[in-house]
Structure formats: structure tokens, C-alpha cells
Amino acid sequence: MARPVESCDVAVIGGGPAGLAAALGARRAGAGTVILFERERTLGGILNQCVHDGFGLFLYKETISGPEYAERLIEDVTREPIKVETGAMVLDLTSDRLLRVNSRQGYRLIRAGAVVLAMGCRERTREMIEIPGTRPAGIFTAGSAQNLVNLQNLRIGNEAVILGSGDIGLIMARRLAFEGVAVKGVFEILPWASGLERNVRQCLMDFAIPLELESTVVEIRGRDRVESVVVARVDGALAPVAGSERVIPCDALLLSVGLIPENELSKRAGIELSPLTGGAVVDETLMTSVEGVFSCGNVLHIHDVADWASFEGFAAGERAARFAAGERAASGTVRVSAGPHIKYALPQLVTAGKAGVEWSFRVTRPMRNVRIELKGRTSGTVYARRKFARLFPSELQKVRVREAIKEDIEVGCHE
Amino acid sequence: MSERALVDRMTCVLCPVGCELEVGKDAAGELQVKGHQCDKGLPFAVEEVLHPMRNLATSVPIRGTAARMVSVRLSRPVPREMLFPILKEIAKLRPEAPVRRGQLLIADVLGTGADVIATRTVA
């Protein structure tokens with residue numbers, strides 16, 4: 001006997017800052033039935049463990065902590081007739097928008113008029129950066145340490161070394177200092193900090209925690225528990241410099257070495273992914289290469305501010321609702337590529353003739369007194385030019401083009 | 001940590017322009033700020049050098065519920081040197097569920113004028 005197939009207008013996968021906003025965006029744009037799937041027992045995603053201040057400046061015009069930001073969005077979702085399913089894991093997504101879900105009611109099939117992907121990201125691990133040495137206890141990704149300390153009241157060690165200067169690592173340096181853990185230093189392989197400058201100042205400098213650039217951990221030592229790490233300087237090719245090794249005794253190593261959009265479901269649906277972002281290739285409506293499937297938040301590209309993930313969620317939810325109602329974008333797309341010093345620009349596709357499109361982009365290295373140009377690849381026409389006194393890879397930036405774009409364009413950063 | 005040289009470089013974080021500020025002392029011992037493109041930058045730099053203000057967030061164990069912790073923060077920033085003394089006060093807290101987001105846990109902590117408030121609802 002065939003399993004019954006339920007249906008909904010919009011299915012949102014993931015209940016963090018992007019997914020919550022997507023469910024709201026879909027409702028506000030008139031979607032009838034909206035289901036929000038979250039695999040954890042509670043909504044909010046990573047916000048729940050981000051107890052620090054600094055969220056909400058753009059969405060709520062005040063600075064609040066992660067849990068407060070989450071609760072406010074959750075309250076908005078609860079006021080709407082949105083069906084929230086927590087403890088529900090979406091196992092599979094097909095290109096014709098059939099979801100296979102392991103839910104509290106068991107295994108179910110749901111056909112969605114439109115789908116919003118908001119699964120977030122996960123952290124890179126020791127294995128992915130291949131640090132040699134033993135495999136003792138005491139090695140944590142910064143986010144898992146944050147979970148243990150902030151949500152489970154566990155002490156992760158007495159003396160910690162942090163590899164990588166991503167924002168979570170910086171935030172955790174301060175958190176550990178508050179908990180009386182000696183933070184021996186933050187080591188960053190690049191010549192610049194990868195986290196926000198504000199965090200370098202308020203999380204490291206305030207507590208006299210050293211930040212060593214162009215250096216990395218080359219070995220982990222210890223049998224049952226981390227006993228020390230060996231750090232070394234690196235050369236211009238990021239290779240360790242022989243003779244520069246230093247042993248740092250510690251019993252915990254935190255890794256803050258990057259985030260990866262979690263796109264296993266996207267791959268199953270056959271969605272085209274970008275090697276530059278690790279997320280889906282999308283058009284200006286945030287629709288992926290699979291019709292009716294939209295993407296937003298950290299599963300699309302890594303954000304440094306939760307508010308931008310939510311704004312993307314609102315937009316993706318609204319577009320999903322309109323797609324579910326039968327609206328189709330005009331065909332004919334132009335491709336957008338990343339030019340000089342641009343790590344990526346998003347969206348990567350735009351409907352030909354579309355005006356008023358806004359791009360998010362990141363630069364590849366810190367840049368000063370530069371101009372960002374969006375230039376036609378055929379005609380050489382500059383569609384938009386914006387000057388920046390400074391640009392950092394850690395800061396997602398935006399640029400908008402007023403006029404209609406009719407040819408492939410390149411986003412470039414010029415000195 | 002409390003003592004630092006009265007000459008500092010910083011990026012202004014008040015808006016996305018991010019002016020790079022240099023704070024120096026002139027011959028008369030007056031603080032001089034360079035690099036700000038608007039008039040908010042000067043008081044920002046002087047405050048950051050003379051008495052930097054910080055907010056504080058942490059979490060404390062909670063009783064009477066499945067959740068182990070409730071997160072807390074200050075209602076407004078306090079002088080940076082007050083962070084560790086305030087952490088000691090927060091460490092004495094043993095709130096009992098239910099706790100509501102925004103609930104007052106310590107009023108005017110150590111006379112700073114800032115309250116310690118819960119930042120999540122624990123039923």
C-alpha cells in the first residue's frame with residue numbers, strides 16, 4: 001500500500017535565525033500552510049548557545065543576546081498559524097519537492113509547493129585541517145565548546161589554546177577567561193584576524209590574550225588528554241617554518257577554523273552548489289537551480305551577523321510563498337562572476353532585464369581605499385561603482401544596482 | 001588589564017564606515033584624536049581610552065527544570081574593570097524555574113546602575 005503523501009504550501013527546513021524568518025516571510029506573503037521542520041527539540045538554532053550581546057542591531061534596532069533574538073523571532077512565529085515540528089529530521093528532498101521526514105509521528109512524506117532551505121552550517125574539524133599528532137581528549141571545535149560551557153555547565157579544561165581567529169573562537173576566548181580558564185593564545189595562519197575587529201578588541205585585548213598571526217598548530221601531544229600543542233610560524237605559502245616551533249602546555253585546544261554550509265539535502269535534490277560559497281547557486285529571488293527550492297542563511301553562504309541571515313530568510317520565505325501561489329519569474333538569466341579580489345558575490349544568477357538587484361560579497365583579503373565595480377562582461381559598462389575606505393574578508397558587504405542588467409557581469413574590487 | 005597606555009589605535013565601531021582612530025597625548029597632556037570623519041568618533045575614542053564600557057553575558061545553573069542553564073546579561077554596559085567583580089556576584093545566583101526573558105535577577109549590581117537580567121525564558 002502506498003504511503004499517504006501530505007501536502008503544504010511552503011516547507012522550511014531548519015529553525016534558526018534564517019528558517020524562523022523564512023516561515024514568517026512565507027506567512028506574511030500569504031502562504032496558507034507553512035511547516036517549519038527543526039531537528040533539535042527547541043527552535044532557535046545556534047542562537048541558543050550564543051549568550052553574548054551584539055545581536056539584533058539591524059532587525060530590532062537594539063543590541064541583545066542570541067537567546068533573546070531567538071525568542072523574539074519564535075514568539076512571532078508562534079503568533080502565526082505556522083505548523084512547527086521540532087524533533088523532526090528531514091532525511092531526503094527530491095527535485096520535485098517531496099520531503100521524507102523522520103518526525104515525532106514517525107516517517108512521513110510531504111509534498112511542498114515550495115521549499116526553503118535553512119539548515120545552517122557546521123564547523124570545520126581537526127581532520128579537515130589535518131593537524132598531526134595523537135588523538136587525546138580535549139580537542140573541541142569552538143562551537144561545541146560553547147555548547148558545553150553555555151548550555152551544559154561543563155568545564156572544558158584549565159589551560160586552553162585557540163587555533164583560528166574566527167568570531168566563535170574569539171567569543172570563546174573571552175568566555176573561557178570569564179570562567180577562569182587560562183587562554184594561552186589565539187593562533188591564526190593568515191596575516192589578519194578572520195573575526196570582526198570589534199571581537200579582537202573586546203574578547204582578546206581586554207583580557208590580554210595574545211593573538212599570533214601567521215602561525216599555526218603543527219602537532220597535538222598527549223595520550224589520554226591534550227598535554228601540549230606545538231605551534232610554528234608559517235611562510236607566505238602558509239607552510240610551517242622549520243625551527244620556529246614552540247611547545248605550549250595546555251589541556252584543551254579549540255578550533256575556530258571556518259564554517260561549512262550544511263548542504264547534504266541540497267545535494268540529494270540535485271541542486272547546483274557554488275565552490276566559492278559552499279552553498280547553492282541562487283538567483284535574485286534566492287531560488288536554487290531546482291525550481292521552487294529557495295535557500296537562505298548560513299546554508300547559502302556564511303554570515304557574520306545573524307540579522308542578515310534573518311533578512312535573507314524573510315526574502316526567501318516571501319519568494320517561496322509567491323512560487324507556491326503559482327508566480328514564475330521571467331526566464332533568461334545572466335551570470336554573475338567574482339572578479340579581482342572578490343571571494344564571492346551572491347546572487348550568482350539574475351533574471352535578464354531585472355533592475356534594483358542587491359549583491360552580497362566578500363573580499364579575499366583586507367583592502368583599503370578601493371572601489372567595487374559591477375561591470376558588463378560584453379560591453380564593459382559599469383553598472384554600479386561604490387567606494388570603500390576599507391574592506392575585510394570578515395565583513396559581508398552589499399552593493400545595489402539600480403538599472404536593468406542585460407548581460408553577464410563581473411564583480412571586481414579595484415585599488 | 002585595568003592599566004593601559006593612554007595612546008591607542010582603534011577602529012570606530014559606531015557605524016559601518018569604520019574610521020581608524022589614533023588617540024595621542026599632546027604636550028599639555030590633553031588627549032588628541034585623529035582619523036574620525038564625524039563628531040561621534042571623538043567621544044567614542046576618548047571613552048574607549050579613559051573608561052571603556054562593556055556589556056557582560058554569561059549563563060548560570062537553574063533549578064527546577066530540564067534545562068541546565070539560563071543565560072543572563074547586563075541591562076547596560078558597565079566600566080570594564082567591573083566585569084570580574086560582577087561575575088562573582090552572578091556566580092552566587094541560583095535562580096529557580098520558571099524564569100522569564102528580561103526578568104530582573106540582580107538590581108543595580110555592585111552600584112553600577114546596571115541590572116542583571118535573564119535573556120531566555122525557562123518554563
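A residue counts as buried if 20 or more other C-beta atoms lie within 10 Å of its own. Keep that handy; the model here is a predicted one.

**Exercise 1.** Work out how chain A is built and whether its fold is compact or extended for its length.

*Solution.* Start with the inventory: chain A has eight helices and 27 strands. Next, take the radius of gyration, 22 Å, and set it against the globule rule for 415 residues, which also gives 22 Å; the two are close, so chain A is as compact as a globular protein of that length. For the outline, the C-alpha trace spans about 65 × 55 × 40 Å along its principal axes. Now apply the burial cut-off: 50% of the 415 residues in chain A are buried. Finally, look at contacts with a separation of 6 or more: 65% of them in chain A link residues 24 or more positions apart.

**Exercise 2.** Find which residues touch the most other members of the largest nonpolar core.

*Solution.* That core holds 109 residues, and the top spots go to V10(A), A11(A), V12(A), I13(A), V116(A) and F294(A). Helix α8 of chain A (residues 306–324) gives the largest share, eleven residues. Zoom in on V12(A): beyond four places in sequence, its contacts include V34(A), L36(A), F37(A), V116(A) and G317(A). Another core, of 38 residues, lies apart, with I139(A) and L253(A) among them.

**Exercise 3.** Describe the side of chain B that touches chain A.

*Solution.* Count first: 22 residues of chain B are in contact with 21 of chain A. Then locate them: β1, β5 and β6 of chain B each supply at least two residues, and β5(B) gives the largest share, four. Last, sort by class: eight nonpolar, eight polar and six charged.

Note on methods: Residues numbered from 1 in each chain as written. Chains lettered and ligands numbered in written order. Predicted model: local features only at pLDDT ≥ 70, side-chain atom pairs only at ≥ 80, totals over all residues. Contact = placed C-beta atoms within 7 Å. Nonpolar A, V, L, I, M, F, W, Y, C, P; charged D, E, K, R; others polar. Core = buried A, V, L, I, M, F, W, Y, C linked by C-beta atoms within 7 Å. Buried ≥ 20, exposed ≤ 12 C-beta atoms within 10 Å, placed from the backbone. Rg over C-alpha atoms; globule rule 2.2 N^0.38 Å.
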